[in-house]
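Welcome, and please keep your viewer open beside this text. We will go from one selection to the next and look at what is there.

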Amino acid sequence: MPAKHATATIDTICNTILSYYPEAKLDLVRKAYDFADHAHKGQMRSSGDPYVIHPMDVAQTLAELRLDIPSVVTGLLHDTVEDTHATLEIVEKEFGKDIAELVDGVTKLSKITFKTSEEKQAENFRKMILAMSKDIRVILVKLADRLNNMRTLEHLAPHKQKNIAQETLDIYAPIANRLGISWMKLELEDLCLRYLHPDAYYKLAQRVTKKKRERDKYTEEVTSILEEKLKEYDVHASVAGRAKHFYSIYKKMERRNVDFDQIHDMIAFRIVTDNITECYKALGVIHATYKPVPGRFKDYIAMPKANGYQSLHTTVIGPHGERVEIQIRTQDMHQVADAGIAAHWKYKEGKFDSRSRENIEWVHRLLEWNKDLADPNEFLETVKIDLFAEDVFVFTPTGEVKELSYGATPLDFAYAVHTDVGNRCVGAKVNGKIVPLKHRLKSGDTIEVITSPTQTPSKDWLKIVKSSRAKAKIRAFIKTQERERARELGRDLLEKALRPYNRTLSKLDRSGELVKAGQQLHCRTPEELYIALGYGRSLPEHVLEHLIPKEEREAFQREKPKPEEESFLKRVFASARKRSNSKNAIIVSNLDEVLIRFARCCNPLPGDSIVGFITRGRGVTVHTATCTKGIDSDAERRVEVRWNLQEKANISRIVRVRVLSGDEPGLLALMSQTISSCGVNIASANIRTTKDQKAIAIFEIQVMDTAQLQKVMSALEAKKGVIAVERVRS
């Protein structure tokens, strides 16, 4: 793990490279520094420092990752094309095609225009994944860039800090983990906690510091015992103990619903041996010395994680009855565990070895599974699933191993075998016994899938499956069905609208008039036009304006002032004439007088990023941009929506907040008083206690926007006795 962060210089960068690559020619590195220094001259960071410090720190991180010269040079140049007058052509001329392609791969896609900022972010990420598939060094530079941005985040405004920290926690920390760069993943997570939950972070830091002397004494005691026992059995190994990172402790408190004082396994011990045989021998010594905790042993040597990580994990009851977590690995495994994919870079050959190439196969699988997804937000959501996946290893009836996400079900397994097997799945046998489709699989299970030719996927399956592949395939099937129904409905609506004018679709199609009319409404083909009509994105009347001469339409209106058939969209929005607070709160692009409803699944609040979907019979339903139910909906039904900032002062919405705390007298009154002191009304409060002396309070509060909600949550989080505070999305 790199030393504590200090501002890099060109000399420290060069010395770091020479420490692992003595034959390196550093002329190109120094030239890149001079180029970046000149290009960024006069530019300053938010901290007030010269901008060139940022690319230098990025290059230093890449050198600490022990990467090749082109990667380090790219770190120095990565912002020149985006933020200065330098062009990609100049970079290629000065530094060669390889470096120019790397710089191009990490340059932000600021020139691309999308409908919404959420879509832009998702599409940028999709392109980043594509760039990763071509050259993994692109994402390593991007990670180093994000790490430096997180290290200097205190100089930005609070709302920017939270946005960047959330994106880092959602995407970049999991990518670092997926690539096996554990030190970077841990540092990013701790920095994210600091900005996303500052009260919890500083309270945790204070309590960890308070117990440091006691913890150091315990670490010394256990290390001494383990070293003595290993030596007694002639096992050559080093032993080290370290305190767990803040984010790890925070998540453990949240997951177990406990306070800091009830977290006892805060120290992890690592035993590094000479070879694999010694690893298993050391495990035997540990289990002979201390009683192992049942179900807490994992063999990642025999079955490595997807990122190449290998170790034996066990938890034992150590001295004084404390739980002790121990990892056992070889020196080579230790290097891979820390540096991940970067541990296998062959400098002279300029490429990663076969082990690392296997470790990034997930990138190619990800692209293959999601190649048919038109919606970038859906792609982003499925990528997150894959990034956060913990591995479960199961077997087919023939003994073939399948690697699945943690929490995977027989449906996930069926889709891992083949899309058709997944689509036709009606049941499964696990270890010879029939189980429901929602049954959670465990490593070592043998699964046999039962299929039926009449079975098809349903939307309910999306609640069952965990893998990105299964979700993508189910969504694709459902959306195809929905589009077909919309196409048939749209065709029927247009045929009825044309009937009074003695026109038929077949004639208009043959003459090319239908194609021209569709193109006027941004539909490339008649099929797209029918779908737009079926979903309600276009009105038949609008299509008629491009198909029927104005005089003929006006003559018909004079003869029949009220058409016999009412358009689909008018039926959908028949009740939309009543104006309401919801209508005032939301502006819908290209649609007026529309009934607006807020989705209960995500309960959007002013300040949340939002997206709207046309819903038959219900007008436009507004979801948060990250809501999975919104993502499950067909992108063809999407309409652009935004908060009406002029009406913001009149908006007040009910949200639910869950507070986990100790079961202490007067705490409920204190929490209620805290909420009220923030100028927020409590609509209702419900509290229950748990068997382990905890209290769970659910408050329904009226807030104006996300900023006010965050103020309330931070105030609650700062109170003594409060363990965790979260917004509840039903």
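Start by selecting Ile13, Ile17, Val29, Leu77, Leu143 and Met184: these residues have the most contacts inside the largest nonpolar core, which has 78 residues. Keep in mind as you look around that the model is predicted.

Now centre on Val29 from that group. Which residues is Val29 in contact with, once neighbours within four places in sequence are left aside? Show Ile10, Ile13, Cys14 and Ile17, then add Ile69, Val73 and Leu76, and you have the set. Another core, of 22 residues, lies apart from the one you have just visited. To find it, select Tyr218, Val222, Leu283 and Ile286, which are among its members. As background, nonpolar side chains in soluble globular proteins tend to be buried together.

Next stop: strand E6, residues 323-330. How many of the eight residues of E6 are buried? Seven are, so "mostly covered" is a fair description under a cut-off of 20% relative accessible area. Add strand E2 (residues 267-273) to the selection, and you will see a parallel pairing with E6 over six bridges. Then add strand E5 (residues 312-317), which pairs with E6 in the antiparallel sense, over six bridges.

Zoom in on Glu325 in E6. Ala268 has Glu325 as its bridge partner, and Thr315 has Glu325 as its bridge partner too. Before leaving, follow the hairpin of E5 and E6 through the five residues between the strands. There, pick out His320, whose phi is positive, near 65°.

For the last part of the tour, move to an open sheet of four strands. Colour the strands in the order E21-E22-E20-E23 and you can trace the antiparallel pairing across the sheet. Which strands are at the edges? Strand E21 (681-689) and strand E23 (722-728) are, each pairing on one side only. On average, neighbouring strands here are turned by 20° against each other, with direction ignored.

Stay with E23 and bring in strand E20 (residues 653-662): the two pair in the antiparallel sense over six bridges. For one of the bridge partners, label Val659 and, in E23, Val725.

Finally, turn on the helices. Helix H31 (residues 667-677) lies across E20, E21, strand E22 (694-703) and E23, and runs at about 20° to E22. Helix H32 (residues 706-717) also packs on the sheet, where it touches E20, E22 and E23. Compare directions by eye: that of H32 makes about 160° with that of E23.

Note on methods:
Residues numbered from 1 in each chain as written. Predicted model: local features only at pLDDT ≥ 70, side-chain atom pairs only at ≥ 80, totals over all residues. Heavy atoms only, no water. Core = buried A, V, L, I, M, F, W, Y, C linked by side-chain atoms within 4.5 Å. Buried < 20%, exposed > 50% of the residue type's maximum accessible area, 1.4 Å probe, protein only. Contact = heavy atoms within 4.5 Å. Pairing = 2+ DSSP bridges. Axes fitted to C-alpha atoms, helices over the stretch in contact; angles between N-to-C directions.
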